[in-house]
Protein chains: 2
Amino acid sequence: MIERPFACIVQKPTGIPDRYDNHIERRLSSMTGQFRDHQAYEKLVQQSDRVIYEVYEGRRVDDQRELAHGVSIVKPGKVGDEFFMTKGHFHAVLETAELYYCIQGEGMIVMENPEGDWAAERMSAGVVLYVPPRWAHRSVNTHPHDELVVLFAYRGDAGHDYQSIERRGFRKLVVAAGERTEIVDNPRWIPLHQPA
Amino acid sequence: MIERPFACIVQKPTGIPDRYDNHIERRLSSMTGQFRDHQAYEKLVQQSDRVIYEVYEGRRVDDQRELAHGVSIVKPGKVGDEFFMTKGHFHAVLETAELYYCIQGEGMIVMENPEGDWAAERMSAGVVLYVPPRWAHRSVNTHPHDELVVLFAYRGDAGHDYQSIERRGFRKLVVAAGERTEIVDNPRWIPLHQPA
């Protein structure tokens, strides 16, 4: 169990906390099969396998008395017409919630539950989003050049199930349609009640 | 269990969410015995029993799969030389953590555990504070005229134990010493291992 309080400050304008315990960088190459336009994806990975999002985690103890927390930063950019996004995941302990607070930037959180219900909420500075137990969640940066910076908190023992999304995809994707942002069906989505 | 995601936006400059489920207002008269200067306290309550803090809660389900969350707003002001503050509490399920994110304002979170260890962290926009399981917590607004606006999250079933603090007080108080803020001993604090 964590014994003493601790604090950090999310620095402006980077969104990077001045103290953290763990730093995760996800490159484009770790997102195989997730973006709709495979050709554009392969080409971009070849050109430059850049970091598309980062996570700065506070001290985390795998214990239901604690809260896992940190800041995620999704970079601006697109693969074809599809915005950069996080892998997205269910919690390993499926029935645990997550809370988001958008610090800066513009984007969307796309969510779905194992029954195939989906939801999407717009993020901008000041938005608090409640992701109920059982809902997978993915952050999407829809801004042309700003980073999407989001604070997150969830039960310390919740863990991550990335595999379900890697295999089956999200039901909905977020793409640019000129100046607008559209939520479209993922042609490769496999419902959870079908074998992957 | 909560079935669908939901979002709100913490509005600027008020700090009030545009949607919430529960609004709590605490007046000065609900803080009997907590401020060091009893005479100044009684006089201020007589003059005007004003709201010294408010809490806007999101939908809350008393369930360890959920996260209780919301925004607290502590008003600027003093009782004698002691800054306006929240009642402060342990969680009823003592061994549960809390996460704070300071949206705006300036202040301090004062904390203590049942063993009498104490801690205080300064709050200003962008500060993330982890309150570990077992630590009581109180928000103090140290700014002369701005409100202290803080987002909070904790396990849905954690609940509140206000009584321990009402009876025994916090070990430390936060007072103004000219332009500075000082953390001083509470002369009326009763350690938890002594009968109240």
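This briefing describes a mixed-chain sheet and the contact between chain A and chain B. The model is predicted: local features need pLDDT of at least 70, side-chain atom pairs count only at pLDDT 80 or more, and totals for chains, interfaces and linings use all residues. Residues are numbered from 1 along each chain as its sequence is written, and chains are lettered from A in the order in which they are written.

**Sheet**
- Seven strands (DSSP runs of E, at least two residues, numbered from the N terminus) form an open antiparallel sheet in the order 2(A)-3(A)-4(A)-12(A)-7(A)-10(A)-1(B).
- Its edges are strand 2 (22-27) of chain A and strand 1 (6-9) of chain B, each of which pairs on one side only; strands pair if DSSP finds at least two bridges between them.
- Six bridges join strand 7 (residues 98-104) and strand 12 (residues 148-155) of chain A in the antiparallel sense, and A:Glu98 stands opposite A:Tyr154 of strand 12.
- Across the chains, strand 10 (residues 127-131) of chain A pairs with strand 1 of chain B over four antiparallel bridges; B:Ile9 is the bridge partner of A:Val127.

**Symmetry**
- Chain B superposes on chain A (least squares on the C-alpha atoms of residues with pLDDT of at least 70 in both) by a rotation of 180° with 0.0 Å of shift along its axis, at RMSD 0.0 Å.
- The two copies are therefore related as by a two-fold rotation axis.

**Interface**
- Chain B and chain A each give 38 residues to the contact, defined by C-beta atoms, placed from the backbone, within 7 Å.
- Strand 10 of chain B supplies the largest share of that chain's side, five residues.

Methods:
Contact = placed C-beta atoms within 7 Å.
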